[in-house]
Amino acid sequence: MPHCRFCAKELPTLGGQTSFERFQQYKECMGKDKWAPFNDGEEWGLTEWLVKNLGQTRTDEFLKLPITQNQTKPSFHNNRSFLQKVDKLPHTAAWNEKGQTLHEEVEVQMRDPVKCVKDLIGNPLFLIDDMWTADWWCDKQKLLPKGATIAPIILASDKTCLLQFRGDKSAWPVYLTIGNIAKEKRRQTSVRATILIGYLPAGKLDCFTSDARSLAGYRLFHHCMSLLLEPLVAAGQNGVEMVCTDSLIHQVFPILAAYVADFLEQCLVACCKENWCPKCLVTADEQGDPLTLLMRDPEVTKDILEKWKNGQHPIQFDNNGLRAVFNPFWANLPHANIFLAFTPDLLHQVHKGVFKDHLVKWCLEIVGEDEMDSRFKVMPDYPGLRYFKKGISTMRQWTGTEHKEMQRVFVGLLAGAVPSQVLVVARAILDFSYYAQLRMHTVDSLDGLESALAVFHTNKDILQELEVCDHFNIPKLHQISHFVKSITLFGSTDGFNTELPECLHINFAKDAYHASNKRNYEEQMVLWLQWQEAVFLRSSYLDWLSERSQSATASSHTDPNHRYDLDSYSDAEIEELRSAAPTNASPSLPIDAVVHVLTKTPAHPRQSVDYLITAHGATMFLPALKSFLHEHVPRNNIIPSPHDRFDVYRQVVIVTPPDPCTSDSPKRLHIRATPEVQVQPGPGRKPGTPARFDMALISDGVRTSNLQTFEGVRVAQVRVIFTLPRQFQVGSGPLAYVEWPTPLREPDPPASSLQRNAAVIHLDTIVRPCHLIPKLGPSVDPVWTSANGYEMAHDFYLNTFIDLETFCISARSV
């Protein structure tokens with residue numbers, strides 16, 4: 001039998017041990033508690049705080065304070081002794097430095113990627129993902145020995161500036177994660193499921209002439225990446241024994257599967273010119289055509305580069321748009337196809353690229369900046385919708401979030417201002433964008449992507465006829481033609497977006513740089529990161545111990561009647577659900593049901609009917625309430641009067657079950673019914689707020705599941721959310737006073753004008769909020785504003801782009 005390497009005690013032969021299990025065994029064998037080398041939990045908490053929040057100088061000053069030395073009395077008295085203790089903590093793969101003099105000296109900070117994979121695949125806090133359902137995993141599994149375990153390597157690299165407004169200091173981090181970890185975990189920077197494996201040289205290469213500098217940069221990048229990824233060659237060919245989260249030993253084959261990068265860096269990796277496609281062989285002047293494309297082949301490309309290196313000058317070198325990089329880093333990586341590995345880039349290719357840089361630019365030239373700004377200014381409010389109060393023409397700095405906010409209203413905003421064929425083009429691009437954002441795909445959604453792209457190409461010539469576009473040889477426009485293939489190979493795009501590396505730059509580049517003395521900073525950065533990771537690893541180990549202890553306790557006190565998991569709710573949310581007004585919610589209701597939540601106490605108790613009429617515009621409140629009581633409570637003998645008083649709420653929160661296509665957690669949808677607050681005179685007064693009476697979809701009856709299509713729902717404006725006075729004693733629960741037009745018969749038809757067609761309904765029949773966009777016509781009426789649009793307009797469009805859920809409902813309704 002195997003023996004413990006710490007105390008020689010016999011160990012069981014089944015399986016292996018994760019890093020946490022080995023560390024726990026070491027502690028037990030050496031007779032140390034879980035806090036060692038620190039005295040106790042309080043000192044460990046202080047250590048966490050110091051490492052995360054203070055630099056070395058501030059740490060030294062803090063530890064030398066008299067109150068720290070005399071009252072707190074930690075086991076370390078200055079920064080040096082503190083870091084000596086931190087260095088005793090276990091950490092992940094060690095950092096190495098390789099320097100080489102070519103024409104100028106450059107350094108590469110790196111660590112073994114195979115050891116990093118071991119750390120990730122053996123972390124018991126990470127869950128297995130469903131990337132194995134995509135085609136790439138199935139194809140690679142057939143090439144490996146029976147029983148082999150694949151660790152799909154996902155790399156990301158992105159050169160970034162370390163100073164925001166000045167200086168030329170930059171870093172080039174390379175990140176690694178594996179497809180075995182759930183994409184929800186990979187996207188969370190706080191759990192460190194994506195880790196830094198190296199810094200590439202980010203110098204300017206001033207020793208080269210301007211003509212030679214670009215090619216030298218290509219060659220330097222590939223040389224450094226070859227050094228960084230060298231351990232993956234043997235590991236991918238022969239496999240490496242690793243202990244996985246199931247505590248069993250597997251023969252793991254780490255294989256490069258995906259590479260996340262922006263377009264220019266994709267060209268750098270593919271060894272091709274920057275006006276060529278890094279995935280296929282389309283020529284630079286054919287990128288605007290919907291072609292059936294021949295994909296680049298790694299073996300063919302290596303052969304062409306080898307011939308060029310030997311002076312043969314094959315014609316394919318220029319025909320394929322290649323650069324003279326003779327030793328690409330991916331040449332020897334087993335089972336890897338670097339050209340298929342490039343994943344869709346929603347941020348740069350869709351949101352910023354095709355949409356903002358091209359579609360918005362074309363439409364601005366057609367509509368005009370002033371008219372476009374006016375249309376954004378009159379857009380009705382919606383919970384969580386960004387309001388562009390000054391329009392968009394004056395904005396100079398844009399973020400990915402703002403691009404998405406524009407997309408939510410763009411199609412409805414263009415209606416009437418552009419020719420119908422231009423509206424079809426815009427709708428096609430927005431359809432493509434929304435389908436591409438889904439977190440789970442079906443045959444229908446992939447067909448939707450291809451159909452949207454086909455509609456765009458069929459109608460795009462109108463833009464040239466209007467002279468707003470010279471040509472469509474746009475690299476980013478061509479890149480989206482590869483989305484369906486990539487999604488089929490690797491799964492949905494949300495697991496491979498370039499937004500994640502940009503978030504990681506904060507922790508792994510910018511914060512690390514600011515912790516250095518700004519001279520020879522990369523070596524200091526990796527040392528600082530090693531301390532951060534050591535503290536994080538110990539925190540994760542303590543969390544794991546706590547979970548094991550809780551699981552053991554729970555298993556011995558299992559309630560056989562307990563069926564539902566409310567862990568996805570915070571304590572405050574659970575308390576809010578339990579204390580909510582009596583709707584269809586109850587403490588025992590599962591999280592896969594729709595729940596309507598009100599606050600514990602009404603915001604405006606005991607309000608008069610006159611208040612509802614003047615403040616909320618509920619002019620038909622009493623007739624509508626009488627009709628409701630007559631229909632739903634026929635035995636009620638009390639007739640509502642102007643003297644009755646009602647408890648009024650500001651909003652209802654509808655908690656909907658997760659939709660697998662759009663979210664992995666419940667959604668909290670807000671529907672507001674708040675009157676206008678006038679500006680109060682005098683100093684120190686709060687500014688006024690406009691009235692917010694949101695639109696909503698009303699069902700024919702109470703629904704306990706997510707809405708699938710628009711069948712059986714109507715649009716209404718929610719004016720009042722209230723409860724009946726005690727004297728009625730009808731037990732009807734919270735109610736809503738609404739005003740609505742005609743029923744919906746199509747996904748996004750013009751709705752009739754909002755006449756005073758009012759009713760009182762059960763609050764539970766409100767399905768979800770919706771957004772209506774007024775039919776603006778060729779130009780906006782100058783009298784209209786965002787606050788009065790619903791009152792001034794006569795016809796409306798149902799905005800199906802307001803969120804992904806509404807878009808999916810619309811797609812299923814066709």
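1. Let's start with helix 30, which covers residues 804-813. Seven of its ten residues are buried, so this helix is largely enclosed by the rest of the structure. The buried ones are Leu-804, Glu-805, Thr-806, Phe-807, Cys-808, Ile-809 and Ser-810. Keep in mind as you look around that this is a predicted model.

2. What do those buried residues of helix 30 pack against? They sit against helix 19 (420-436), strand 13 (667-674) and strand 20. Have a look at the start of helix 30 too: there, a side-chain oxygen of Asp-803 comes to within 3.3 Å of the backbone nitrogen of Glu-805. Glu-805 is also on the list of buried residues in this helix.

3. Now step back and take in the whole chain. The protein chain has 30 helices and 22 strands. It runs to 814 residues, and 52% of them count as buried. Its accessible surface is about 38,400 Å², and carbon and sulfur atoms account for 50% of that. If you take the contacts between residues at least 6 apart in sequence, 68% of them join residues at least 24 apart.

4. Strand 20 came up in point 2, so follow it to its end. Strand 20 takes in residues 766-770, strand 21 takes in 772-774, and His-771 is in the loop between them. Is His-771 buried or exposed? Its relative accessibility is 0%, and the cut-off for buried is under 20%, so His-771 counts as buried.

5. Which residues surround His-771? Leaving out residues up to four places away in sequence, His-771 touches Met-379, Pro-380, Asp-381, Tyr-382, Leu-385, Val-409, Tyr-790, Tyr-797, Leu-798, Asn-799 and Ile-802. Pro-380 deserves a second look: its backbone oxygen is 3.0 Å from a polar atom of the His-771 side chain.

6. Next, go to a pair of helices. Helix 3 is residues 56-63 and helix 5 is residues 79-87; their axes come within 8 Å and cross at roughly 110°. Angles from 65 to 115 degrees count as roughly perpendicular, and helix 3 and helix 5 are therefore roughly perpendicular to each other.

7. Which residues make up the contact between these two helices? From helix 3 you have Gln-56, Thr-59, Asp-60 and Leu-63, and they meet Asn-79, Phe-82 and Leu-83 of helix 5. Sorted by type, the residues of this contact are three nonpolar, three polar and one charged.

8. Stay with helix 5 for a moment, as Ser-81 is found there. Ser-81 has 13% relative accessibility, so it counts as buried. A polar atom of the Ser-81 side chain lies 3.1 Å from the backbone nitrogen of His-77.

9. Two residues have backbone angles to check. Lys-73 isn't a glycine, yet it has a positive phi of about 50°. You'll find Lys-73 in the loop between helix 4 (66-72) and helix 5. With 56% relative accessibility, Lys-73 counts as exposed. Glu-467 isn't a glycine either, and its phi is positive at about 60°. Glu-467 is in the loop between helix 21 (461-465) and helix 22 (475-479), and at 68% relative accessibility it counts as exposed.

10. Here's a pair with plenty of sequence between them: Phe-490 and Ala-341 are 149 residues apart in sequence, with 8.9 Å between their C-alpha atoms. Phe-490 belongs to helix 23, residues 483-490. With a relative accessible area of 3%, Phe-490 is buried.

11. Try the same exercise with Pro-623, which sits in helix 28 (residues 621-632). How many residues along the chain separate Pro-623 from Ala-759? The answer is 136, while their C-alpha atoms are separated by 8.4 Å. Pro-623 has a relative accessible area of 44%, so it is partly exposed.

12. One last pair. Where is Leu-248? Look in the loop between strand 7 (240-243) and strand 8 (249-260). Leu-248 is 126 residues along the chain from Gly-122, and the C-alpha atoms of the two are separated by 9.5 Å. Leu-248 has 41% relative accessibility and counts as partly exposed.

Conventions
Residues are numbered from 1 along each chain as its sequence is written. This is a predicted model: local features need pLDDT of at least 70, side-chain atom pairs count only at pLDDT 80 or more; totals for chains, interfaces and linings use all residues. Side-chain values use heavy atoms; hydrogens and water are left out. Helices (H or I, at least four residues) and strands (E, at least two) are DSSP runs, numbered from the N terminus. Buried means under 20% relative accessible area, exposed over 50%, partly exposed in between (1.4 Å probe, protein chains only). A polar contact is a pair of N or O atoms within 3.5 Å; within protein, one must be able to donate a hydrogen and the other to accept it, and residues adjacent in sequence count only if both atoms are side-chain atoms. Contact means heavy atoms within 4.5 Å. Axes are lines fitted to C-alpha atoms, for helices over the stretch in contact, and angles run from 0 to 180 degrees between N-to-C directions. Angles under 35 degrees count as roughly parallel, over 145 as roughly antiparallel, 65 to 115 as roughly perpendicular and the rest as oblique. Ala, Val, Leu, Ile, Met, Phe, Trp, Tyr, Cys and Pro count as nonpolar, Asp, Glu, Lys and Arg as charged, and the others, Gly among them, as polar. Accessible areas come from the Shrake-Rupley method with a 1.4 Å probe; for residues, only the protein chains shown count as cover.
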